[in-house]
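Visitor: I'm new to this one, and I'd like a close look at a single part: the sheet and what packs against it. Could you walk me through it?

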Amino acid sequence: ENLSTCLQQQGFNAEHQPTFFLHHPHVVQLVHIAFLSRKHAAYFTSNTASFSLCIGVYFHLDHLEHPFPQEFECHIRGILLRNFQQRSPVQHVSWFHPDRRRRDIWWMARDGSNIETVTHHATRVIQASARRWLETYSDIPFVLQYLRRKSEKDSWKGGPFGFGAQGSPA
């Protein structure tokens with residue numbers, strides 16, 4: 001099963017690939033398949049078929065309805081993390097460099113030999129985590145409570161992120 005089919009089976013609109021949208025009355029939920037640019041692929045010694053799975057929630061506030069927001073425009077954003085071991089293609093940095101342990105990038109072999117394994121695991125993560133995460137962070141009372149109690153020391157671990165710190169106008 002490919003990623004597009006998986007997302008469509010979960011109700012996402014595939015007209016604007018690689019971004020998939022699910023519309024609700026007061027919120028737009030999205031999953032964006034962010035392929036590596038040539039520059040990033042060269043840095044990671046990978047290829048442009050490697051990707052991240054970015055997710056986001058865009059609230060329709062007042063009259064600012066935006067039916068197809070970009071992922072970076074979402075009020076709450078996150079990243080689905082890889083749930084299986086992959087050897088990082090990054091070889092030009094220290095063994096202790098964090099880029100060697102990244103789980104937010106799904107590495108594709110240059111020859112495409114691991115495409116079935118990678119897409120299988122990515123679809124499983126989408127099925128297990130994406131909708132639950134999106135539904136949780138689409139609930140405005142929950143988001144407000146979360147933001148009130150969120151510590152600045154909370155670790156990143158895939159999100160949520162995209163909002164300002166306490167006291168920030170963002």
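Guide: Sure, let's start with the helix that covers the sheet. α3 lies across β1, β2, β3 and β4, and its direction is at about 15° to that of β3. Keep in mind that this is a predicted model.

Now for the sheet itself. It is an open one, made of four strands in the order β1-β2-β3-β4, with antiparallel pairing. β1 and β4 are the edge strands; each has a single partner, so one side of each has no neighbour in the sheet. On average, neighbouring strands here are turned by 15° against each other, if you ignore direction.

Zoom in on one pair. β1 and β2 run antiparallel to each other and are linked by five bridges. One residue to look for is F20, whose bridge partner in β2 is V31. In general, strands of a sheet pair through backbone hydrogen bonds, either parallel or antiparallel.

Next, the packing. The largest nonpolar core has 30 residues, and the ones touching the most other members are F51, L53, V57, W106 and I126. Two or more residues each come from α1 (3-9), β1 (19-23), β2 (27-35), β3 (51-59), β4 (76-80), α3 (115-136) and α4 (140-149). The top contributor is α3, the helix we began with, which gives seven residues.

V57 is a good spot to linger on. If you skip its neighbours within four places in sequence, V57 is in contact with V27, V28, C74, H75, I76, W133, L134, Y137 and S138. There is also another core, lying apart from the largest one; it has six residues, among them L36, A41, V90 and W107.

Before you go, two backbone details in the loops are worth a glance. Most residues other than glycine have a negative phi, and most peptide bonds are trans. Leading into the sheet, P18 sits in the loop between α1 and β1. The peptide bond joining Q17 and P18 is cis, with an omega of about 15°. The other detail is T45, found in the loop between α2 (38-43) and β3. T45 isn't a glycine, yet its phi is positive, at about 50°. As for its surroundings, T45 has 33% relative accessibility, so it counts as partly exposed.

Note on methods: Residues are numbered from 1 along each chain as its sequence is written. This is a predicted model: local features need pLDDT of at least 70, side-chain atom pairs count only at pLDDT 80 or more; totals for chains, interfaces and linings use all residues. Side-chain values use heavy atoms; hydrogens and water are left out. A nonpolar core is a set of buried Ala, Val, Leu, Ile, Met, Phe, Trp, Tyr and Cys residues joined through side-chain atoms within 4.5 Å. Buried means under 20% relative accessible area, exposed over 50%, partly exposed in between (1.4 Å probe, protein chains only). Contact means heavy atoms within 4.5 Å. Two strands pair if DSSP finds at least two bridges between them. Axes are lines fitted to C-alpha atoms, for helices over the stretch in contact, and angles run from 0 to 180 degrees between N-to-C directions.
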